[in-house]
Amino acid sequence: MAVTLDQTIAQKQHTFLSRLLANQTFWVVIAVILACLFLSFATDSFATSKNLFNITRNVTFVAIVALGMTFVIITGGIDLSVGSVLCLCSMVLAVTMHAGYSIEIGILATIVTALAIGAFNGVLIAYVGFPPFVVTLGMLSVARSLAMVASNNTVVFQFGPDHQKLLALGGGAWLFGIANPVLYMIILALITGFILRWTKFGRHIFAIGGNEHAATLTGVPVKQIKVAVYMISALSAGLAGIIQTGWLGAVTTNLGTGMELQVIAATVIGGANLAGGVGTALGAIVGAALIEVIRNSLGLLGINAFWQGTFIGGAIILAVLFDRIRNFRRSD
Amino acid sequence: MSVLELANISKHFGAIQAVNDVSFSLEAGEVVGLMGDNGAGKSTLVKMIAGNFRPSHGTMRLEGKEIVMHKPAEARQHGIEIVHQDLALCNNLTAAANVYLGRELRRGIGPFRILDYAAMYKRAGQLFAELKSETRPRDLVKQMSGGQRQAVAIARTMLSQAKIVLMDEPTAAISVRQVAEVLNLIRHLRDQGIAVVLISHRMPDVFDVADRVIVMRRGRKVADKKIALSSPEEVTGLITGAIEQVA
């Protein structure tokens, strides 16, 4: 026999190129690039610095929450409460600062709120055995209601002594003219990517999504990790809430309404599998980018905004369809 | 000295006596077939050895020292490994990742430690080579054959210096060729001086690979003898109760 056992074992089955071509995230990147090229030629207003600045900044809020959602979806769970949690967190920040506290205390209160909500979701799911869908659906309602209670359903637009600091945090552009939210998104994406690929925690998240029973049998602390991923998801919503508050300069109680669907759509378009076990940080970002480019282009091409939902929904179904086709071929 | 010695082990769940006064010992480098009908007490017995259950009565000695285990992790620390019937593999991870699941290798300083992919691929590759299995550490488990999946699950038991490997129905749901592969894997474990307990319904496999057979019926041990001195007919009789008990 010409090939020894050691050679077989050392062999890599996939080349870099074949892995790339089988990667959904790669194709979404191509789609985003093609769409951008097309729009640059088809419209005068797409490739202007103002529009690109707008797009990148709009992507960030969905993308940051999608990064947190990626953790949850990889474990095979789902978090429907992120839009409401974002609103509640923004409101906690706004109300705290409006009452005269400093920005540091405001942010601290916001993060504590987010982590507490995440821990509540996670404990009910991991230790009491609730389905994630039910718990987070309940929280979707509870968090939005609490935001209304906290603000008495008013618009908050004065943030006390640190008003300017908050606006600079969210609305500034501290580095090379890149909008601050974009910088935060890049930093958070790098952290997410690192955790998923290089840490034991990240490895265990994938294991839980792949086979929770096996993870338990091999000694992975499944319950603790599940609580942690819901805390990360809520935290990402809280951070996005802080940044968005600084950017908008005002908080209303309908902030983030319906955002959970955009966030879940972004992660799924980016290649995450709702059945668990698959997902990347880059996927969450490019998924969010594709959604935003679709939205932006419809406006620029003069297509009625009512069509938005149809196009975004179509993109979700198309992305999952590609995944199904790949799986059919594999099982043949 | 025996690797593992069970003395008068019993286990009851409420009024149900699952295992009743069972004693036996395991020697290093020995394959023992554990046979019995459904509900005969095989699984309960194995789960006590693996640390899932605590015996109601009786003692277990590991290399002469009495041990009491409260959870599976403690059994693992004692060098007792189990290959679960469903193999407990994650399809979305690579072979190496599955081998190291729950005991990942890391490198770095203090709290700043990252997964050591290179070391895990290398060691997993060595284990597959030892097992003479054509399994690539970088491949995803979902692309693997039944025999390769068994190799991954068995390689897991070889990470630490296991003394005893418990295998729960390893040949239940795989093709004939893969059965031969798995039996070879069991022989490799035996050749390294590991005591293997093979729980199986399949008579030919037990007679092919085991040195000794223990038969359980209704929670009691009804036979414990060398394979060479027994026959499939006798074991069938013992399992069904046609033969009451043999020495």
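This report walks through a predicted model with chains A and B, one piece at a time.

Let's start with chain A. Its secondary structure is easy to sum up: 15 helices and zero strands. The radius of gyration of chain A is 21 Å, close to the 20 Å that the globule rule gives for 332 residues, so chain A is as compact as a globular protein of that length. If you drew a box around its C-alpha atoms along the principal axes, the box would be roughly 80 × 55 × 35 Å. Of the 332 residues in chain A, 45% are buried. Now take the contacts in chain A between residues at least 6 apart in sequence: 78% of them join residues at least 24 apart.

What about the inside? The largest nonpolar core has 167 residues. Those with the most contacts inside this core are A:V62, A:A63, A:V65, B:I164 and B:L198. Take A:A63 as an example: leaving out residues up to four places away in sequence, A:A63 touches A:M185, A:A266, A:A284, A:I285 and A:A288.

Over in chain B, have a look at strand β3, residues 31–36. Is β3(B) enclosed or open? Six of its six residues are buried, so β3(B) is largely enclosed by the rest of the structure. You can check this face by face: B:V31, B:G33 and B:M35 are buried on one side, and B:V32, B:L34 and B:G36 are buried on the other. In general, strands of a sheet pair through backbone hydrogen bonds, either parallel or antiparallel. β3(B) runs parallel to β10(B), residues 195–199, and four bridges join the two. Here B:G33 stands opposite B:L198, a residue we already met among those with the most contacts in the core. β3(B) also runs parallel to β11(B), residues 212–217, this time with five bridges. In that pairing, B:V32 has B:R212 as its bridge partner.

Chain B also has an open sheet of four strands in the order β2-β1-β4-β5, and the pairing is antiparallel. The edge strands, each pairing on one side only, are β2 (16–26) and β5. From one strand to the next, the twist averages 30°. Inside this sheet, β1(B), residues 4–13, is joined to β4(B) by five bridges, and B:E5 has B:R61 as its bridge partner in β4(B). Helix α1 of chain B, residues 42–49, lies across β1 and β2, running at about 60° to β2(B).

Next, two residues with an unusual backbone angle. Most residues other than glycine have a negative phi. The two in this table have a positive one.

| Residue | Phi | Loop | C-beta neighbours inside 10 Å |
|---|---|---|---|
| A:N153 | near 55° | between α7 (132–151) and α8 (163–171) of chain A | 11 |
| B:E63 | near 50° | between β4 (57–62) and β5 (65–67) of chain B | 14 |

Exposed or partly exposed? With 11 neighbours, A:N153 counts as exposed, because the cut-off for exposed is 12 or fewer. B:E63, with 14, counts as partly exposed.

Finally, where do the chains meet? The contact takes 24 residues from chain B and 25 residues from chain A. On the chain B side, the elements that give two or more residues are β8 (112–115) and α4 (117–130). The largest share of that side, three residues, comes from α4(B). By type, the chain B residues that touch chain A divide into eleven nonpolar, six polar and seven charged.

Conventions:
Residues numbered from 1 in each chain as written. Chains lettered and ligands numbered in written order. Predicted model: local features only at pLDDT ≥ 70, side-chain atom pairs only at ≥ 80, totals over all residues. Core = buried A, V, L, I, M, F, W, Y, C linked by C-beta atoms within 7 Å. Buried ≥ 20, exposed ≤ 12 C-beta atoms within 10 Å, placed from the backbone. Contact = placed C-beta atoms within 7 Å. Rg over C-alpha atoms; globule rule 2.2 N^0.38 Å. Pairing = 2+ DSSP bridges. Nonpolar A, V, L, I, M, F, W, Y, C, P; charged D, E, K, R; others polar. Axes fitted to C-alpha atoms, helices over the stretch in contact; angles between N-to-C directions.
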